[in-house]
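Subject: Structure handover

Hello,

Here is the structure I promised to pass on to you. Have a look at it first, and then read my notes below.

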Amino acid sequence: MNKTSLLHLLFILCFFVTTTNSLPISYSKGKTIKYKNPRTLDLDENLRTYFYDQILDHFDYVPESYTIFKQRYFVNFKYWGGANSSAPILVCLGDEQEMEPYLGFMDDNAASFQALLVYIEHRYYGRSVPFESMEAYKNTSTLGYFNSAQALADYAAVLIHLKDTLQAQMSPLIVIGGSYGGMLATWFRLKYPHIAIGALASSAPLLYFDKITPQTAYFDVVARDFKAASKSCYKFIRSSWSGIDHLASQPSGLSMLSKRFNSCYPLEKSDELKDYLFSIYISTAQYNYSAVMVICEGIDGAAFGSDILSRIYGGVVAYHGSNTCTVNSDKYTPVEETFYGWGWQRCSEMVMPIGIGKSSLFPPKPFNFTSFAAQCKKDYGVSPRPHWVTTYYGGQNIKLVLKRFASNIIFSNGLRDPYSSGGVLNNLSDSLIALSTVNGSHAMDLDPANENDPEWLVDQRKKEVDIIHGWITEYYVDLAAGLLW
């Protein structure tokens, strides 16, 4: 699994850790970020790095609001047709991780659009951290400026500055993002339609707020994925949790579990093993269904023994391709800012009530807002606002509302992705289009294209490109008719 997948997996793992109260967050630890802030850095002849003087607070006018931090963004000029031809601009909106200046969908299609490619890092991630270090994560006086509305305003400021600098005011602009970035792309189009003429929102769980989606929906899809691969595998995994706890409770039980699962360090509690298994099961369901089948083949094949725990270990070995140690291999790896950052976002505005139902692959654990809020208060000193996302961005009765004023958004989802359960899966209007694929995984359409891609994925991407070309063509017609003035 690549870096992007690992970081997007925090989307669900931070929920699990917070709600189980198993890993309180300490603000006294973490790496210090030190960097220079040159105006530009050359990466190659086409791709350049810039730092924009961003203000800390877009919505208040107290002196602290005007504090400046350096926000990083990247621009790729290779394929751009230029401002004189009003050639389009494709923008990747940064999400809960350090920005890397590459997105498969954008780079693969830049030539056909003759597009300028822009990648903007989200505040408080990567090298766009106000206060320039982990000091930004220490208390609510600094974390209070860390929210999606501020991030969207950041993007707006950077893009207006960029268009002015390049004299590209008439270039149509499309925003693109996956997962949380997909939510940001949707919200940017709704909040800043004068800047972006359209948005591609991939695997964006926009409806997993405020009880719009049943809380167990995410894990119901995980269970469905494993059942589809092998009903016996599904049953073995469901039975394994009690078996792990039972063995762990016995004298020398943890030592036996450590040996059975070839852990990198001796297990100190059964939760270390269970959390590890939890992570590989949900990551494969979310990102790679073929890996679900590989795990189930390993479990059903019983290469290490026919008892349940030996079968489960067989699935681990099949997944990793060898029996080298993998369980708790990252036990002493420092937690980086993505964990801190998304933990804060989860505990402030991004309250996604995800719970585990009785028919899940995992032991039942309903979402309990009271305990969740108490843990957030303990960790961050704030109480979550579970209704704020739907208050500020909407979501309730989404078709009734958006068809009356919104336009030009693609909601793409792969139905094997557990987050598709909170996605927009049906067209809301002629220009609010849902593209769903039965076999697709999380943000799969944004991955780089390759010759082995299945036909349905090639077709999905082609539809997205055709729709965006249509938006741009319509924009040019209006521009020629003088309707933009």
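Is Cys325 buried, partly exposed or exposed? Cys325 counts as partly exposed, because its relative accessibility is 36%, which lies between the limits of 20% and 50%. Please keep in mind as you read on that this is a predicted model.

Cys325 also brings us to the disulfides. In general, a disulfide is a covalent bond between the sulfur atoms of two cysteines. The count here comes to three disulfides. If you number the bonded cysteines in sequence order, the pairing reads 1-3, 2-4, 5-6.

I'll begin with the partner of Cys325. Cys264 and Cys325 form a disulfide with their sulfur atoms 2.2 Å apart, and with 100 degrees about the S-S bond this link is right-handed. The pair connects distant parts of the chain, 61 residues apart: Cys264 sits in the loop between α8 (253-260) and α9 (270-287), while Cys325 sits in the loop between α11 (308-320) and α12 (337-348). Cys264 counts as partly exposed, because its relative accessibility is 22%.

Next come Cys233 and Cys296, which form a disulfide with a distance of 2.2 Å between their sulfur atoms. The link of Cys233 and Cys296 is left-handed, with -70 degrees about the S-S bond. Here the distant parts of the chain that are linked are both helical: Cys233 belongs to helix α7 (residues 231-248) and Cys296 to helix α10 (residues 289-301), with the two positions 63 residues apart in numbering. Both Cys233 and Cys296 are buried.

The remaining disulfide joins Cys347 to Cys376, S to S 2.0 Å. Its torsion about the S-S bond is about -70 degrees, so the disulfide of Cys347 and Cys376 is left-handed. This pair, too, links distant parts of the chain, from Cys347 in helix α12 to Cys376 in helix α13 (residues 369-380), 29 residues apart. Both Cys347 and Cys376 are buried.

One further cysteine to look at is Cys92, which counts as buried because its relative accessible area is 9%.

Away from the cysteines, I would point you to Lys163 in helix α4 (residues 148-165). Lys163 is buried yet has no salt bridge. Which side chain of opposite charge is nearest to Lys163? That is Asp164, which is 8.1 Å away, so the pair falls outside the 4 Å limit for a salt bridge. Leaving aside residues up to four places away in sequence, Lys163 touches Ile89, Ala168, Gln169, Ser171 and Leu173.

On the surface, Leu400, Val401 and Phe405 make a nonpolar patch of about 300 Å². Val401 lies in helix α15 (residues 398-402) and is partly exposed, with a relative accessible area of 42%.

Finally, some overall figures. The protein has 16 helices and nine strands, and 57% of its 485 residues count as buried. Among contacts with a separation of 6 or more, 73% are between residues 24 or more positions apart. The protein exposes about 20,600 Å², and carbon and sulfur atoms supply 53% of that area.

Best wishes

Terms used. Residues numbered from 1 in each chain as written. Predicted model: local features only at pLDDT ≥ 70, side-chain atom pairs only at ≥ 80, totals over all residues. Heavy atoms only, no water. Helix = DSSP H or I, 4+ residues; strand = E, 2+ residues; numbered from the N terminus. Buried < 20%, exposed > 50% of the residue type's maximum accessible area, 1.4 Å probe, protein only. Lys, Arg positive; Asp, Glu negative; His and termini not counted. Contact = heavy atoms within 4.5 Å. Disulfide = S-S within 2.5 Å. Patch = residues over 30% accessible without salt bridge, like charges linked within 9 Å, V, L, I, M, F, W, Y side chains within 5 Å. Areas by Shrake-Rupley, 256 points an atom, 1.4 Å probe, with all protein chains shown as cover.
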